[in-house]
Amino acid sequence: MASWQMFHDEAPELADRVRARFAANTHHVLGTLRADGTPRLSGTEVHFWGDDVVAGSMWQARKALDLQRDPRCAVHANPSDRHMVGGDAKFDAHAEEVTGAEHAAFYESLGGPDGTEGPPADESHLFRFDLRQVILTEVNPDAGTLTVNLWQPGEGVRQMTRT
């Protein structure tokens with residue numbers, strides 16, 4: 001399994017930059033596959049927890065049912081505005097549902113000192129992402145270039161620049 005930690009170990013600078021893009025906003029976009037194979041886009045929150053990157057879901061939400069049936073997915077960081085400062089970050093992954101004590105431990109870890117966060121009141125899903133590739137795309141308008149940084153497990157980072 002290619003955890004976030006594995007990505008960070010193989011490409012620390014890129015991992016830090018991608019994580020910063022996810023940390024810049026709370027809400028991101030999760031792409032899953034419906035039963036008929038068509039794509040479904042859903043809002044999601046992404047969390048970095050231990051060695052992993054994870055996302056939760058309301059109980060029996062369509063996106064959770066999609067991931068239980070077919071784990072292939074993509075997560076795209078919210079670009080926030082047209083300038084995309086820091087680049088456009090996304091990853092492709094296979095989702096693995098986290099259950100039992102590990103599920104409870106994650107939600108307990110969200111508890112803040114002011115009591116505003118913590119375990120959900122109802123049942124919920126939690127998915128860990130097995131990374132297949134991570135991409136950070138940056139536009140340099142002064143140079144008129146687009147730079148794509150692509151990481152895949154065990155292959156390091158490839159960088160492609162286009163004009």
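Which residue in E2 is the bridge partner of Thr 32? I looked this up first and found Arg 40 in that place. I note at the outset that the model is predicted.

**Entry 1. The chain as a whole**

I counted the elements and obtained four helices and eight strands in the protein chain. Reading from the N terminus, I recorded their order as α-α-β-β-β-α-β-β-α-β-β-β.

I then turned to the dimensions. The C-alpha trace spans about 50 × 45 × 30 Å along its principal axes. The radius of gyration is 16 Å, which agrees with the value near 15 Å that a compact globule of 163 residues would have.

I next looked up burial and surface. Of the 163 residues in the protein chain, 39% are buried. The accessible surface comes to about 9000 Å², and carbon and sulfur atoms account for 50% of that surface.

For contacts between residues at least 6 apart in sequence, I noted that 57% join residues at least 24 apart. On charges, the chain carries 15 positive and 25 negative ones, and the mean positions of the two sets are 8 Å apart.

**Entry 2. Strands E1, E2 and E4**

I returned to the strand pair of the opening question. E1 covers residues 27-33 and pairs with E2 in the antiparallel sense over seven bridges. The two strands form a hairpin with five residues between them, and Gly 37 in this hairpin takes a positive phi near 90 degrees.

E1 has a further partner in strand E4, residues 72-76. I found this pairing to be antiparallel, with three bridges. As a reference point within it, I recorded that Val 29 stands opposite His 76 in E4.

**Entry 3. Strand E3 and its partners**

I examined E3, residues 52-58, for cover. Five of its seven residues are buried, and the strand is mostly covered.

E2, residues 39-49, pairs with E3 in the antiparallel sense over four bridges. Within this pairing, Phe 48 has Val 53 of E3 as its bridge partner. The hairpin of E2 and E3 has two residues between the strands, and Gly 50 in the turn has a positive phi of about 60 degrees.

I then asked which strand E3 pairs with over five bridges. The strand is E6, residues 124-140, and the sense is again antiparallel. Here I noted Ser 57 with its bridge partner His 125 in E6.

**Entry 4. Gly 56 and Gln 60**

I selected Gly 56, which is found in strand E3. Is Gly 56 buried or partly exposed? Its relative accessibility is 22%, so I entered Gly 56 as partly exposed; the cut-off for buried is under 20%.

I listed the contacts of Gly 56, leaving aside neighbours within four places in sequence. They are Thr 44, Glu 45, Lys 63, Tyr 107, His 125 and Leu 126. I also took a distance from Gly 56 to Arg 162, which is 106 residues away along the chain. Their C-alpha atoms are separated by 36 Å.

I then moved to Gln 60, in the loop between E3 and helix H3 (62-69). Its phi is near 65 degrees, a positive value in a residue other than glycine. With a relative accessible area of 38%, Gln 60 is partly exposed.

**Entry 5. Strands E6, E7 and E8**

I finished with the C-terminal strands. Why did I enter strand E7, residues 145-152, as largely enclosed by the rest of the structure? Seven of its eight residues are buried, and therefore the description applies.

E6 and E7 run antiparallel and are joined by seven bridges. Val 134 stands opposite Trp 151 in E7. In the hairpin of these two strands, which has four residues between them, I found Gly 144 with a positive phi near 70 degrees.

E7 also pairs with E8, residues 156-162, in the antiparallel sense over seven bridges. The bridge partner of Thr 147 in E8 is Thr 161. The hairpin of E7 and E8 has three residues between the strands, and Gly 154 takes a positive phi near 75 degrees there.

Methods. Residues are numbered from 1 along each chain as its sequence is written. This is a predicted model: local features need pLDDT of at least 70, side-chain atom pairs count only at pLDDT 80 or more; totals for chains, interfaces and linings use all residues. Side-chain values use heavy atoms; hydrogens and water are left out. Buried means under 20% relative accessible area, exposed over 50%, partly exposed in between (1.4 Å probe, protein chains only). Two strands pair if DSSP finds at least two bridges between them. The radius of gyration is taken over C-alpha atoms; the globule rule is 2.2 Å times the number of residues to the power 0.38. Contact means heavy atoms within 4.5 Å. Accessible areas come from the Shrake-Rupley method with a 1.4 Å probe; for residues, only the protein chains shown count as cover. Lys and Arg count as positive and Asp and Glu as negative; His and the chain ends are not counted. The place of a charge is taken as NZ of Lys, CZ of Arg, CG of Asp or CD of Glu.
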